[in-house]
Amino acid sequence: MREHFFFVQSPIAYAIGKILIQGTQLGSFLTTGKRKILYYQGDESPGDMLQALDSMGYSEEDIGDSVRVRFGWSAENMPTLIQDLKEFQPELVFIDSLSTANRFSIYRESEMEYSRPILEMNGLATQYRTTFVIIHHMNKGGEVRGTTAIRNAVSEVWTLSKDKKETATSYDRILEIDKSRSRSSGKKYRMYFNPEDLSFTFLGEEGEEFGGPGQSAKDSTLELLASHRNIKFTSEEIAHRLGISKAYARRYLGELSADGLISVLRQPGKANVYFLAYEGSPKDHPSDHHPSYSVSLADNSLQTNSEVGIKKRGSPQDHPSDHPKNVDTASDTAEGDPRSGENSEKIPSTEISEDKGGSRITFG
């Protein structure tokens, strides 16, 4: 995805990042290729973050090649972000969190101007063809904390919260597409969190975990397209291959594309064509990867003494320890990056939110 933003908790952000750098899948959602990730971490210390990546199975090769990290960045230093975007050219940028990045802001969370960094990152997303993921806190009512301009500035909002069903365990989670400009809104997916290795298991769409009407045809279609990446099929061709009616194929193909599971190419005067894209070398082509509805994201191999990809820059005086930290979000061990003057070219931004009651994801 490009030019989008969302809110999540750090563990699932790391889990999503691992899937993207490996070019694998989350449940029935297949990636379109291996991606590079840039983490801007302000709420966790280097030691805590490295331990989390270790538990989740990030390898030494991942750190540096596919993953870069900068600690303690603030939104006052947009030139540093721009430089990292130019040098590393990441497809995804995680910012944890908006409160920490905005800790030097002269505006309160309730003021519209507080969302200015999100607008700047929106422009950067377009200019550098990347996606921003920003963590932000939620209020007790489960809404995005602060001004409504924060939510309005992004194109997609996801929430991750505990499953409140009586039969749910304390580790069951619900991932909801709360707002979206490009796919179905209101979709809910069940996840299971394993606190031992910080892994998430994707259990499927709520209500369809054990199959439902049309699920078999959808699965067959996903398998067909997964084994023919970048090959475009009309609904009539898919209906013929699967032995189903054309009208039925058109309906569920529309649902699959609306949910973001497959891509669709619409051309005036021509039939829509459906496909699963893949960008990468032939040797990396996951043609033998078929959709799975229960995927664990854990694997241990990262050494705890591994160096973090992007180090803190500047002299000690460039990281003033007397700058006030946001007591709700900033880690005591994370130092701030060099503060510089306002960037003369204002270009847009993104964000993410989390709270004890759940987290909110937003694509902008």
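Helices here are DSSP runs of at least four residues and strands are runs of at least two, numbered from the N terminus. On that basis, the protein chain comes to 10 helices and 15 strands. The model I am presenting is a predicted one.

Let me begin with the chain as a whole. It has 364 residues, and 53% of them are buried. Among contacts with a separation of 6 or more, 73% join residues that are 24 or more positions apart.

I turn now to a pair of helices. Two packed helices are described by the angle between their axes and the distance between the axes. Helix H4 spans residues 78–88 and helix H6 spans residues 116–127; they pack at an angle of about 25 degrees, with the axes 12 Å apart. Angles under 35 degrees count as roughly parallel, so H4 is roughly parallel to H6. The crossing of these two helices is right-handed.

Which residues make the contact between H4 and H6? From H4 they are Met78, Leu81, Ile82 and Leu85, and from H6 they are Pro117, Glu120, Met121 and Leu124. By class, that contact has 7 nonpolar residues, 1 charged residue and no polar ones.

Pro117 of helix H6 deserves a further remark. Its relative accessibility is 2%, so Pro117 counts as buried. The C-alpha atom of Pro117 is separated by 8.8 Å from that of Leu98, and the two residues are 19 residues apart along the chain.

My next topic is charge pairing. Side chains of opposite charge can pair when their charged atoms come close. In this model the count comes to 14 salt bridges, and I shall discuss three of the pairs.

Asp163 and Arg190 meet through their side chains in a salt bridge of 3.9 Å, N to O. Asp163 is in the loop between strand E7 (156–162) and strand E8 (172–180), whereas Arg190 is in strand E9 (residues 188–194); the pair links distant parts of the chain, 27 residues apart. Are these two residues buried or exposed? Both Asp163 and Arg190 are buried.

Arg190 also forms a salt bridge with Asp172, where the closest N and O atoms are 3.6 Å apart. Because Asp172 lies in strand E8 and Arg190 in strand E9, this pair ties together parts that are 18 residues apart in sequence. Asp172, like Arg190, is buried.

The third pair is Glu255 with Lys218, a salt bridge whose closest N and O atoms are 2.9 Å apart. Glu255 lies in helix H10 (residues 246–258) and Lys218 in helix H8 (residues 215–226), so the bridge ties together parts 37 residues apart in sequence. Glu255 has a relative accessible area of 30% and is therefore partly exposed, whereas Lys218, at 12% relative accessibility, counts as buried. Returning to the wider set, salt bridges that share partners join Asp163, Lys165, Asp172, Arg190 and Glu206 into one network.

Finally, I come to Ser184, which lies in the loop between E8 and E9. Why does Ser184 count as buried? Buried means under 20% relative accessible area, and Ser184 counts as buried because its relative accessibility is 19%. Ser184 and Glu255 are 71 residues apart in sequence, yet 8.4 Å apart in space, C-alpha to C-alpha. Leaving aside neighbours within four places in sequence, Ser184 is in contact with Ile177, Ala258 and Asp259.

Methods. Residues numbered from 1 in each chain as written. Predicted model: local features only at pLDDT ≥ 70, side-chain atom pairs only at ≥ 80, totals over all residues. Heavy atoms only, no water. Axes fitted to C-alpha atoms, helices over the stretch in contact; angles between N-to-C directions. Parallel < 35°, antiparallel > 145°, perpendicular 65-115°, else oblique. Left-handed = near helix turned anticlockwise from the far one by under 90°. Contact = heavy atoms within 4.5 Å. Nonpolar A, V, L, I, M, F, W, Y, C, P; charged D, E, K, R; others polar. Salt bridge = Lys/Arg side-chain N within 4 Å of Asp/Glu carboxyl O. Buried < 20%, exposed > 50% of the residue type's maximum accessible area, 1.4 Å probe, protein only.
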